[in-house]
Each structure stands twice: as C-alpha cells, then as structure tokens.
Amino acid sequence: MPTRFVIIGAGAAGMAAATTLRSLDSTAEIVVLTDDSYGYYSRPGLAYYLTGEIPERQLFPFSPHELRDMNITLHQGRALAIDPVAHEIALEAGELLSYDRLLLATGSLAAPAELPGAGLEGVVKLDNLEDARRIIAGAQRARAAVVVGGGITALEIAEGLRHRCRNTHYLLRGERYWSNVLDETESAIVEGRLTAEGIRLHRRTELASIEGRDGHVTAVVTKTGERIECGLVAVAIGVQPRVELARSAGLVVDRGVLVDEYFRTSQREVFAAGDVAQVRDPLTGRTVLDTLWSAALDQGRAAASNMAGSATPYIKPPALNVTRLAGLTTTLIGAVGRGRDADLVAIARGDSETWRGTGALTSAISVEDVSEVNRVRMLVGERTLVGAVVMGDQSLSRPLEELVARQVDVSDIRAALLAPGADISGIIGRFWRQWRQHVASQTG
Ligand SMILES: Cc1cc2nc3c(=O)[nH]c(=O)nc-3n(C[C@H](O)[C@H](O)[C@H](O)COP(=O)(O)OP(=O)(O)OC[C@H]3O[C@@H](n4cnc5c(N)ncnc54)[C@H](O)[C@@H]3O)c2cc1C
C-alpha cells in the first residue's frame with residue numbers, strides 16, 4: 001500500500017514538503033489541505049501586488065496542471081480536529097481524512113487589534129490574498145488611511161496604500177520603526193524614505209479607538225485625543241502561530257508547536273514545520289519561532305525527508321530575510337536585534353526569534369559602513385560574525401551570509417574591523433574572497 005501523506009497547509013512549508021515528498025516517493029499519496037480559497041501563492045509577493053508592481057497571476061508559482069502532473073492533490077477545506085490515535089482529520093465539511101503521516105504547516109495569523117471599533121468594516125489586516133484584495137477595494141473608497149503596527153507588514157501596507165490613497169498616516173507607538181531588529185540609523189533611513197514618499201509618520205502615537213458610522217470606519221482617535229479622519233485602518237501588530245488544531249489534539253504546544261530536530265511533534269506520525277513550528281536553535285539550545293519565507297521552505301523540505309524516513313537531524317541555519325524596506329533591498333542575517341518593539345504585541349512577519357537575546361549577541365560589537373543610502377552593519381563576536389544587516393547595495397550580502405552561516409573564524413581581521421574609521425566593507429570583501437579561495441583549494 002502506498003503511504004498516505006497529508007499536509008495541513010498549502011503555504012511555503014506545506015508545498016515545499018509536498019514537492020519534496022513527491023521527489024522522494026513516486027508512489028505515495030500526497031494530499032494538501034488548505035482553507036485558503038486561492039491555494040498556494042507567495043505571501044511576500046502580496047506587498048508587490050499591493051503596490052501594483054505585479055499582477056495577481058504572478059503570485060502563483062504552480063499552475064493547477066503542474067500540481068496534477070506531480071500527482072499532488074490540493075484539497076479545499078478546513079481541518080477542525082485531528083485524532084492522532086485514529087490517524088484521522090475531521091474537516092469542516094463533515095468528511096474524515098485519514099493519514100499515515102501528517103504534517104502541520106498551518107502558518108500564522110495576524111494578532112487581532114483589541115480596541116473599541118476594531119470590528120468595524122474598513123479595519124483590515126494582511127494575512128492572505130483575500131485581505132490584499134480587501135485593502136485594494138477599501139483604498140479605492142477611502143480618502144485617507146491609517147496604518148498601525150510594526151515590522152515588514154505594516155510598512156508594506158503603508159506603501160501599498162500610498163499608491164492608492166491620497167493621505168496615508170503611519171502611526172508608531174514607539175520612537176522609531178522596527179526597533180527590535182533595526183538600529184537607530186536603519187530605522188531613520190526607512191522613516192526618511194517613507195516621509196519622502198508622502199506617508200505621514202506620527203511617532204509616539206497610540207490608538208485609543210476607531211470611530212464609525214453605519215458600521216464603517218470614519219476616523220481614529222489617539223490616546224492624546226487627536227482625531228484623524230479615514231476610511232481604512234490597517235493593523236499589523238504581529239502574528240500568532242495557528243496552534244489550535246495541535247493544542248486540541250493534545251500535542252505539546254508552547255508559543256508554537258514544539259518539534260524535535262526531525263520535526264516530530266509529541267505525537268507519533270505527526271510533524272510540524274514553518275511559522276507554526278517552534279524549532280530548536282543549535283546555537284543557543286532554545287526553541288524559537290521563525291516567521292520567514294526561506295525558513296518555511298527549508299523546514300518544509302527537511303520535515304518531508306524525515307516523514308519519508310530519512311532520519312536526518314535538521315541543523316537550523318542562521319535566520320535570513322531578503323526583503324524590501326521602503327523601496328530599499330535589505331538583507332537581515334543571523335542575530336541582529338535587541339529588546340522589544342512597542343509597535344508589536346507578537347512576533348512580526350519576516351522575523352526570527354533568533355535575532356534577539358542570544359549570549360553571542362550581547363557581547364558582539366556593532367560596526368557599520370554608510371555611503372549615501374547604502375549601509376552595512378555587522379555584529380562582530382569574539383571569533384565569528386554573529387549577524388549583519390545589508391541595506392541598499394547588496395554586494396556584501398552573500399559574503400556575509402556565508403561567513404555568518406559557516407561561523408567562519410574572523411579573529412585575523414577582528415581588530416581591523418573594530419578599528420575607528422575602518423573600511424569594513426573592503427576588509428570583509430577581501431577576507432571573504434581569500435576564504436573562498438582557501439575553501440576551494442581544500443576541496444580540490
Ligand atoms: C504580507 C506578507 C509579507 C511577508 N513578507 C515577508 C518577507 O519579506 N520575508 C520573509 O521572509 N517572510 C515574509 N512573510 C512571511 C512568510 O510569508 C511566512 O513566514 C511563510 O509564508 C510561512 O509559511 P507557512 O507555510 O508556515 O505558512 P502560511 O504560508 O501562512 O500557510 C499556512 C497554510 O495553512 C492553511 N491552514 C491553516 N490552518 C488550516 C486549517 N485548520 N485547515 C486547512 N488549512 C489550514 C492556510 O490556508 C495556508 O494555506 C510575509 C508574509 C506576509 C503575509
């Protein structure tokens with residue numbers, strides 16, 4: 001009998017797992033369940049769809065016939081409960097779906113705003129394509145829009161709206177943008193670009209309530225009593241892993257579903273990967289959440305090979321996010337941030353808990369190189385680079401990604417990097433080229 005793999009979630013982790021399973025097992029039955037009526041598409045791509053840079057069809061990496069050719073069944077429906085003893089999933093439509101091995105790849109959802117008026121029509125979030133369509137439709141009717149929150153999503157919504165709405169206000173509860181990941185200079189670069197694009201930034205401004213008429217948003221009121229008239233309010237204050245199914249099935253759940261290095265949960269034959277999984281970080285021994293596209297793909301593939309029986313432990317690489325902040329390509333590598341962000345009540349999308357609070361980061365020294373809009377920041381540990389942020393010119397992002405990921409010993413250049421006025425980009429570029437030559441000569 002062919003093995004029956006069921007995957008709950010047709011996102012990055014779920015689809016990476018499905019295609020990997022197919023490449024490893026040509027006879028298995030593979031069923032991917034999704035409660036998203038649009039199936040699989042790029043969630044990071046929603047930002048470009050909002051700004052109008054790409055058409056909707058470009059969000060979809062697979063056509064239905066490509067999935068059919070791979071013999072992967074995409075099943076539309078919501079899972080309501082899992083019975084890990086009977087190996088069955090109860091669907092909202094009343095069906096029961098049986099499995100031999102199950103992957104939970106249920107992702108995460110925006111944390112809800114908890115303030116008066118949050119239920120009014122015109123209060124939006126950005127989790128999926130349906131939300132993006134709602135934002136676009138709402139922006140067409142609204143003369144002004146207000147965005148609250150932090151991280152990538154709030155920024156992406158603000159930028160999407162300023163293309164569509166005459167007045168876009170971005171309210172920051174704290175002092176500066178994405179303060180637990182970016183440093184002061186990086187936040188200032190992003191904020192400067194937002195302002196230049198015509199977005200009105202309000203610092204130290206917290207929402208008290210949202211007002212409406214006939215069930216629809218008309219204004220927001222801040223805690224200092226300021227009233228901003230608007231027809232749309234977008235909230236992006238962080239995301240929460242979708243753990244309800246796992247919790248009700250008796251799986252061990254912390255902030256996410258706890259998995260071991262094989263992506264096994266506490267129940268036999270049930271695995272978890274992507275935003276919903278809380279994965280062990282070998283550098284610190286802690287279990288952490290990642291809300292990253294690249295991590296979801298990696299984890300989906302690794303979980304699938306273990307589901308197919310390979311028993312290969314997953315060594316979590318340093319977190320990596322290549323994204324765009326206010327039009328500036330930005331790569332975030334390894335441990336880069338500190339503390340909490342006043343604009344977030346939960347982890348932002350495109351973030352990693354490994355970026356904060358590690359011992360290595362506490363003792364690391366930050367060095368930077370700025371030229372025009374380009375900026376490179378590196379966190380130099382005792383012997384290795386523990387993290388880096390590359391904004392604008394990306395020529396150093398690959399070298400830094402490799403040096404951080406491979407934990408290359410940089411002791412020989414540490415003093416030079418830390419010297420006042422050092423040309424850190426030049427030093428790193430030369431060091432990386434030599435290191436690669438050395439690696440190439442070793443591997444023959
Ligand atoms: C607007 C936006 C911008 C982003 N930008 C970036 C970025 O710049 N860089 C970056 O690295 N990351 C970014 N991310 C985050 C990245 O997209 C996620 O980390 C990644 O999509 C997580 O993949 P996943 O497979 O774990 O979950 P998801 O992609 O969220 O997929 C979850 C799937 O589970 C399904 N599901 C859940 N519960 C059920 C149920 N009970 N029954 C049936 N189906 C269910 C859903 O329908 C969905 O198909 C962004 C995300 C968004 C929304």
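Glutamate 88 stands opposite serine 98 of strand S6, and that pair is a handy way into this predicted model. The two residues belong to a pairing of S5 with S6 (residues 96–98), which is antiparallel and counts 3 bridges. The link between S5 and S6 is a hairpin with 4 residues between the strands. Glycine 94 sits in that turn, with a positive phi of about 100°.

S5 also has S4 to pair with. Strand S4 (residues 79–83) and strand S5 (residues 88–91) run antiparallel, joined by 4 bridges. Two of the residue pairs are like with like: alanine 81 is opposite alanine 90 of S5, and isoleucine 82 has isoleucine 89 of S5 as its bridge partner. Here, too, the strands make a hairpin with 4 residues between them, and this time histidine 87 is the turn residue with a positive phi, about 55°.

On to the wider layout. The protein chain splits into domain 1 (4–107 + 240–307), domain 2 (112–237) and domain 3 (332–443). Between domain 2 and domain 3, the C-alpha centres are 32 Å apart. Contacts there involve 17 residues of domain 2 and 23 residues of domain 3. On the domain 2 side, H5 and helix H6 (184–196) are the elements that supply two or more residues. By type, that side of domain 2 comes out as 6 nonpolar, 8 polar and 3 charged residues.

What about the sheets? One is an open sheet of 5 strands in the order S9-S16-S10-S11-S12, with parallel pairing. Strand S9 (123–124) and strand S12 (200–202) are at its edges; each has a single partner strand, so one side of each goes without a neighbour in the sheet. Further in, strand S10 (residues 144–149) runs parallel to strand S16 (residues 232–236), and 5 bridges join them. Valine 148 has valine 235 of S16 as its bridge partner. H5 packs on this sheet, where it touches S10, strand S11 (167–171) and S16, and the direction of H5 makes about 170° with that of S10.

Another open sheet has 3 strands, ordered S18-S20-S21, and its pairing is mixed. Strand S18 (257–258) and strand S21 (287–288) take the edge positions with a single partner strand each, so one side of each is left without a neighbour in the sheet. Strand S20 (residues 277–280) is antiparallel to S21, with 2 bridges between them. Arginine 280 is matched there with threonine 287 of S21 as its bridge partner.

Helix packing comes next. Two packed helices are described by the angle between their axes and the distance between the axes. For H1 and H8, the axes come within 7 Å and cross at roughly 35°, in a right-handed crossing. H1 brings Ala12, Ala13, Gly14, Ala16, Ala17, Thr20, Leu21 and Leu24 to this contact, while the H8 residues include Trp293, Ala296, Leu297, Gly300, Arg301 and Met307. Sorted by type, the contact holds 12 nonpolar, 5 polar and 1 charged residues.

In the other helix pair, helix H10 (residues 397–405) and helix H12 (residues 424–443), the axes come within 10 Å and cross at roughly 65°. H10 passes H12 in a left-handed crossing. Pro399, Leu400 and Leu403 of H10 meet Ile428, Gly429 and Trp432 of H12. That contact divides into 5 nonpolar, 1 polar and no charged residues.

Finally, the ligand. It is surrounded by 40 residues, and the closest are Gly9, Gly11, Arg43, Gly107 and Gly274. Elements giving two or more residues to the shell are helix H1 (12–24), strand S2 (29–34), helix H2 (46–50), helix H5 (151–162), helix H8 (293–307) and strand S22 (320–325). Some of these have already come up: H1 and H8 are the helices whose axes cross at roughly 35°, and H5 is the helix packed on the sheet against S10, S11 and S16. H5 also gives two or more residues to the side of domain 2 that touches domain 3. Overall, the shell is made up of 17 nonpolar, 14 polar and 9 charged residues. Domain 1 and domain 2 each provide at least three residues of the shell around the ligand.

Note on methods. Residues numbered from 1 in each chain as written. Predicted model: local features only at pLDDT ≥ 70, side-chain atom pairs only at ≥ 80, totals over all residues. Near = placed C-beta within 6 Å. Nonpolar A, V, L, I, M, F, W, Y, C, P; charged D, E, K, R; others polar. Domains from an automatic or database assignment. Pairing = 2+ DSSP bridges. Contact = placed C-beta atoms within 7 Å. Axes fitted to C-alpha atoms, helices over the stretch in contact; angles between N-to-C directions. Left-handed = near helix turned anticlockwise from the far one by under 90°.
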